[in-house]
Amino acid sequence: MYNAWLADPSSVHASWDSFFRNSAQGQGYQPPPSLGSPGKNEVALTSLLPALRGGISGVSTLDDKIIEDHLAVQAIIRSYQARGHLVAQVDPLGIMYQDRSTTITERQGSPPDEVIRQHKLNDTDMERLFKLPSTTFIGGKDKSLPLKEILKRLELTYCRHIGVEFMFINSLEQCNWIRKKLESPNACQLTHDQKRLILARLTRAAGFESFLSRKYTSEKRFGLEGCEILIPAMKQVIDKSTELGVESIIMGLAHRGRLNCLANVCRKPLVQIFSQFAGLEAADEGSGDVKYHLGTYIERLNRVTNKNIRLAVCANPSHLECVSSVVQGKTRAEQFYRGDGEGKKVMSIHIHGDAAFCGQGVVFETMHLSDLPAYTTHGAIHIVINNQIGFTTDPRYSRSSPYCTDVARVVNAPIFHVNSDDPESVIHVCNIAAEWRATFHKDVVIDIVCYRRNGHNENDEPMFTQPLMYTKIKKTKPILEKYSEQLITDGVVTPAEVQDVKEKYEKICEDAFASARKETHVKHKDWLDSPWSGFFEGKDPLKVGATGIKEETLVHIGTRFSSPPPNAAEFLIHKGLERILKARMDMINNRTADWAIAEAFAYGSLMKEGIHVRLSGQDVERGTFSHRHHVLHHQTVDKATYNPLCHLYPDQAQYTVCNSSLSEYAVLGFELGYSMTNPNALVIWEAQFGDFSNTAQCIIDQFISSGQAKWVRQSGLVVQLPHGMEGMGPEHSSARPERFLQMCSDDPDYFPPESDDFSVRQLHDCNWIVANCSTPANVFHILRRQIALPFRKPLILMYPKSLLRLPTARSSFDEMVEGTEFQRIISDNEADPSKVKKVVFCSGKVYYDYKKERDAKNLQNEIAILRIEQVSPFPYDLIKQECAKYPNAKLFFAQEEHKNQGYWNYVQPRFHTALTGTRDINYIGRPVAPSPATGNKTQHVREYQSMIKDLLALLEKPLSYFWQGRQHRYREGSYG
């Protein structure tokens, strides 16, 4: 306003015009003098003026330049805090401050414009003393400093080898905490012992890579050359975290440096690592994986803190970043089982590549779980190995953001960019990161800017695509050589000590190498990342526990589940929910259960037995189709909820039901990690619609279907996928069962030997279970069977939509009480087998459509409809038995999915095997199509009617005129 008045007095109100005129004459308003101390962010006038003219009572004017200069200095300080990272020398391939004290201002004669922008003072002001604001700690005990010293300290803090982004964080407390850690004088100084420890760890990191490069010259190992400082960095994070109370750390590693981390961070026996290079046969089951994908689990003593620490490295495939969500789920589960509600004992460390961190969308999805109540792990430490290249692609072609770490800004995570060739700065940043996580329980990112001395792998030639970069790299001394020379020059170590450390580690490697050459087999179990202590011991591997329960338990759970909150008079629930609860109670009184009640029976009975149940996914609390309603909401009080399944028994296990973020990839990975931690838990992920799971295909393909074969890792995760062709269009119909069946590992041409334990042997040998249940009772049993099995297998469960409320799709308590079990096939008991002309096998919801149409035509004795509830492993024995009941009938398999989708391609060869080729199996259903379903309601109805016509036709080869005509028009290219 004052500046506006100077330009044009009429531009301000008349009162301000008068005030400014009087002020110019020394007669403006003066506040009464105060002898009190200045308030927060206030500065005493005496500190601004060299001398007050005439004492306090005689002050007439305040020198405008003094005020403006102090404001400019405050703005400059803030500029360095906010933008110093823009000019920080964090690239080891660029120009560095070799003397550790020269600043940009001293080199170029003025502060960097990118940082201070318009906030500038004259050269004559450099020696002037300026009061420091409360938002900086560069002065230590000094309250004022010369401008020259202020600039020097700011640049040494923010513009040397550490570039920090934190001023976007909303919390002043957190910003000040970081300022104090970085700006306090001598904050980065280390003792001689600490420097020698860094050197020893660097020596081991470099020595390991050097040893492998000599012994296995042609092997891919994704070495750490160019970023050897990662090993001391990780060990420092672990040391500091252990010191602060952490007892268990779960890690997700990138390919690069993985073997080095296993050897020197986890201290996995070198013999086991070297044996992986020998190409030995495995001594145990499984197909195994390449050595730079494997995980491990180690319990050891941390020699620095003298505390025990558990370290787990999760196995992961080549699909970049997918393991991060798995690590988070495993971390959350371990925190849960330890009662670590604040994340003080269990934490996660994630190692990322620069191109992957900004390029893979699952990073964003996983980051967004970090503060969600049911998914938070109370802070993770992310370390980026910033090669400044992705395979052969330069950063300018691989990201639009200034930094590869910008995704972390969305969750207010501080980001520390640090030069890999300054080990002491790296260690300083690691200490800050570990303390930040322990203090605020939030994510933090360490961006180690380094380089890749070799190509993408050891056999790759990087000069093809980055000739200038790799010319520079070839001339760059390794960090071990640089740091050794620095410590020798500083008198911290002697050349003899440096050589001694190298030789000792070389001998350790040689001894392990000699032992490894004596090995005859490798063991997959040596690389298991999630051991289940005591779970398999003393069990009959083929004995399944009972899944039926006492009726009084069913009644108790059902009554609680169907009742309003105990304080119902005060807890106002929705009128519609009152009707739903009443309908549930009526079913309990009639000894029947729909799908929601059967679910509750399964969950509640397992929790009664001490089994933790966790149900996660989009909108699962209510259910996509409004059938579940596990969380009741008070209609007038915000955040007031009641979950009846949490109040079934006083000593029950915990039930967690949680709506997830709108993510499939990260959330499914999270739940998989959760399920890996403890076998005595039922962990369920439910898709909003079945086909939405395809955005999590990486987790399904690389982890769930093949995890046991590759990594000897079992999981009992349940994946529930709403499925059914109900006229809702291409994207809300099919859960794509054909994709899951394609990945089933059972041989279509092999009928296993029949025995009393046929079904459990099949389950033991399979990689996962695929089912489509048609009754609530079977869902109840199959969920309980997940825990009753003496081993763990993933369950892919096609879940109904319209059946959730279908009155005929209900089960009697008689189907769930003691003595009952899961039915792999449900027979048709209405027909006389001797009169049946047509036997139709089907799976899932379509059974009710077929039965309704058949009964309407009174064809119960001519057409038998049987349900295959467990599609894989295929029930060869029961198929054989059922078909034998109908020797005179034609056999058909009917499905509502298109012929190239659904179950047909899976079941057809297995029917042939089950029947030894003696009888044909024919197809009823929609023809082949690229889309799962039509979006046109009329077309859907016409397709349905044509399918029913084929179902009811008592002909040898049912193929309606409609389908013949449609296929003909497809061939002619004229069908719309």
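1. How much area does the chain expose, and what share of it do carbon and sulfur atoms supply? In this predicted model, the exposed area comes to about 41,400 Å², and 50% of that area is supplied by carbon and sulfur atoms.

2. On the overall build, the chain contains 34 helices and 28 strands, and its C-alpha atoms fill a box of roughly 120 × 85 × 65 Å when the box is taken along the principal axes. The chain has 976 residues, of which 57% count as buried. Looking at contacts between residues at least 6 apart in sequence, one finds that 80% of them join residues at least 24 apart.

3. One pair of residues can serve to compare sequence with space, namely Ala82 and Tyr158, which are 76 residues apart in sequence and 9.1 Å apart in space, taken from C-alpha to C-alpha. Ala82 has its place in helix α4, which covers residues 64-83. Because its relative accessible area is 26%, Ala82 counts as partly exposed, the range for that class lying between the limits of 20% and 50%.

4. Turning to charged side chains, it helps to recall that side chains of opposite charge can pair when their charged atoms come close. The count of salt bridges comes to 47. One of them joins Arg221 to Glu209, with the closest N and O atoms 2.6 Å apart. This pair links distant parts of the chain, since Arg221 sits in the loop between α9 (192-215) and α10 (230-243), while Glu209 belongs to helix α9, and the two are 12 residues apart. Arg221 is buried, having a relative accessible area of 4%, and Glu209 is buried too, with a value of 2%.

5. A salt bridge within a helix is found between the side chains of Lys885 and Glu882, with a distance of 3.2 Å from N to O. Because Lys885 and Glu882 are 3 residues apart in helix α31 (residues 876-885), about one helical turn separates them. Is Glu882 buried or exposed? Glu882 is buried, because its relative accessible area of 8% falls under the 20% limit, whereas Lys885, at 39% relative accessibility, counts as partly exposed.

6. Salt bridges may also be joined to one another, and a network of them links Asp828, Glu830, Lys851, Arg854 and Asp855. Within this group, the side chains of Arg854 and Asp855 meet in a salt bridge at 3.1 Å, N to O. Arg854 is buried, with a relative accessible area of 1%.

7. The second largest pocket also deserves a careful look, and the space that lies in it is about 870 Å³. Its lining is made up of 34 residues, and those that lie nearest the centre of the pocket are Leu528, Ser530, Pro531, Trp532 and Phe536. The elements that give two or more residues to this lining are α13 (322-338) and α24 (665-677), with α13 supplying the largest share, 4 residues.

8. Which classes of residue make up the lining of the second largest pocket? Sorted by class, the lining holds 13 nonpolar, 9 polar and 12 charged residues. A reader who wishes to follow this in the structure could begin with the residues nearest the centre of the pocket, among them Trp532 and Phe536, and then turn to helix α13, from which the largest share of the lining comes.

Definitions and conventions:
Residues numbered from 1 in each chain as written. Predicted model: local features only at pLDDT ≥ 70, side-chain atom pairs only at ≥ 80, totals over all residues. Heavy atoms only, no water. 1 Å grid on protein atoms, 1.4 Å probe; cavity = no way out; pocket = protein on both sides within 12 Å on 5 of 7 lines; lining within 4 Å. Points joined across faces, edges and corners; volume = space filled by probe spheres on them. Nonpolar A, V, L, I, M, F, W, Y, C, P; charged D, E, K, R; others polar. Buried < 20%, exposed > 50% of the residue type's maximum accessible area, 1.4 Å probe, protein only. Contact = heavy atoms within 4.5 Å. Areas by Shrake-Rupley, 256 points an atom, 1.4 Å probe, with all protein chains shown as cover. Salt bridge = Lys/Arg side-chain N within 4 Å of Asp/Glu carboxyl O.
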